[in-house]
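Ready for a few exercises? Have a go at each task yourself, then follow the solution step by step.

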Amino acid sequence: MNFFINFILLFLFQNSLSDAVEDTKFQRLEHAVYELQQQRLEDVRRIKSLENELSLQNRRTRLLLDSAVPEHSRVSFMAHLSKDLSRVGNNHTIHFDRVITNNGQSYNPLDGIFHTPVTGTYVFIWTTTNRDHSFMNSELLKNGVRVARAMSDAMDHTDYAVATSFAVINLTVGDEVWIQSGTWHSSALAGDDYSSFAGWILN
């Protein structure tokens with residue numbers, strides 16, 4: 001009888017020990033999963049922090065690059081003639097009044113003159129357009145001296161005529177450059193952005 005009781009007790013003890021071992025394994029697995037989850041959250045936080053730091057460094061780099069650009073390299077302008085001109089006289093300065101770009105604020109649309117802010121080599125380009133049965137010879141002047149000229153001639157036909165010319169010139173601070181009519185024209189010039197004047201510094 002005692003043998004049978006001992007056998008039953010041993011069986012129950014082994015089952016209890018087996019359950020305890022299984023419970024321990026499960027707890028270890030739970031703890032391992034928790035540790036992995038915490039590690040993943042920490043990795044996500046680190047990645048986010050690195051992304052923020054990289055974004056900040058990029059902004060700082062852009063600011064440094066912008067500040068490293070010499071001020072004179074930003075001198076450029078472009079302007080259109082917004083309305084048709086119909087009573088243009090000889091040697092009349094053309095006021096390209098609709099300003100598109102004016103980096104450095106060196107072009108004055110009120111008088112049509114580019115006022116040189118820094119010494120350097122500049123490029124200027126202009127376009128004149130004439131409508132049916134009109135024509136215009138135009139000139140680019142530096143301090144009142146002609147440097148280049150162009151001719152848009154639609155006098156003998158019903159069509160538009162377009163002329164474009166350019167000049168590369170050395171300027172010093174205070175020099176003035178503008179476009180004017182010549183002495184051979186029909187007193188008319190097309191606006192509506194068909195005629196334009198632009199310039200920028202090379203070096």
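**Exercise 1. Find the nonpolar surface patch and place one of its members.**

Step 1. Look for Ile125, Phe166, Val168, Trp200 and Leu202: they make a nonpolar surface patch of about 480 Å². To join such a patch, a residue needs over 30% relative accessible area and no salt bridge, and nonpolar side chains (Val, Leu, Ile, Met, Phe, Trp, Tyr) are joined within 5 Å. Areas come from the Shrake-Rupley method with a 1.4 Å probe, and for residues only the protein chains shown count as cover.

Step 2. Before going on, a word on what you're looking at: this is a predicted model, where local features need pLDDT of at least 70 and side-chain atom pairs count only at pLDDT 80 or more, while totals for chains, interfaces and linings use all residues. Residues are numbered from 1 along each chain as its sequence is written, and side-chain values use heavy atoms, with hydrogens and water left out.

Step 3. Now pick out Ile125, which sits in strand S5 (residues 120-130). Strands (E, at least two residues) and helices (H or I, at least four) are DSSP runs, numbered from the N terminus.

Step 4. Ile125 counts as partly exposed because its relative accessibility is 31%. The scale goes like this: buried is under 20% relative accessible area, exposed is over 50%, and partly exposed is in between (1.4 Å probe, protein chains only).

**Exercise 2. Sketch the overall make-up of the protein.**

Step 1. Count the elements: there are 1 helix and 10 strands. Starting at the N terminus, they run α-β-β-β-β-β-β-β-β-β-β.

Step 2. Check the cover: of the 203 residues, 31% are buried. The protein exposes about 13300 Å², and carbon and sulfur atoms supply 56% of that.

Step 3. Turn to contacts (heavy atoms within 4.5 Å). Among those between residues at least 6 apart in sequence, 71% join residues at least 24 apart.

**Exercise 3. Work out how strand S9 is paired and covered.**

Step 1. Strand S9 covers residues 176-185, and 7 of its 10 residues are buried.

Step 2. S9 runs antiparallel to strand S4 (residues 113-115), with 3 bridges joining them. Two strands pair if DSSP finds at least two bridges between them. Here His115 stands opposite Glu176.

Step 3. S9 also pairs with strand S6 (residues 135-142), again in the antiparallel sense, over 6 bridges. Glu139 faces Gln180 of S9 there.

**Exercise 4. Trace the salt bridges.**

Step 1. Get the idea first: side chains of opposite charge can pair when their charged atoms come close. The rule asks for a side-chain nitrogen of Lys or Arg within 4 Å of a carboxyl oxygen of Asp or Glu. That gives 5 salt bridges.

Step 2. Asp84 bridges to Arg131, with the closest N and O atoms 2.8 Å apart. This pair links distant parts of the chain, 47 residues apart: Asp84 is in the loop between strands S1 (76-80) and S2 (98-103), and Arg131 is in the loop between S5 and S6.

Step 3. Asp193 bridges to Arg98, and their closest N and O atoms are 2.8 Å apart. The two are 95 residues apart, with Asp193 in the loop between S9 and strand S10 (196-201) and Arg98 in strand S2.

Step 4. Glu139 comes back here, forming a salt bridge with Arg146 at 3.4 Å between the closest N and O atoms. Is Glu139 buried or exposed? With a relative accessible area of 9%, Glu139 is buried, whereas Arg146 is partly exposed at 44%.

**Exercise 5. Describe two aromatic pairs and their cluster.**

Step 1. A pair of aromatic rings is described by the distance of the centres and the angle of the planes. Rings of Phe, Tyr and Trp (its six-membered ring) pair if their centres lie within 6.5 Å; planes under 30 degrees apart count as stacked, over 60 as edge-to-face and the rest as tilted.

Step 2. The structure holds 12 aromatic pairs. In one of them, the rings of Phe77 and Phe124 have centres 6.3 Å apart and planes at 50°, so the pair is tilted. Phe77 lies in strand S1 and Phe124 in strand S5, so the pair ties together parts 47 residues apart in sequence.

Step 3. Phe77 and Phe124 are both buried. Tyr122 and Phe124 form a stacked pair, because their centres are 6.1 Å apart and their planes are at 15°.

Step 4. Put the rings together: Phe77, Phe96, Tyr107, Phe114, Tyr122, Phe124 and Phe197 form one aromatic cluster.

Definitions and conventions: Patch = residues over 30% accessible without salt bridge, like charges linked within 9 Å, V, L, I, M, F, W, Y side chains within 5 Å.
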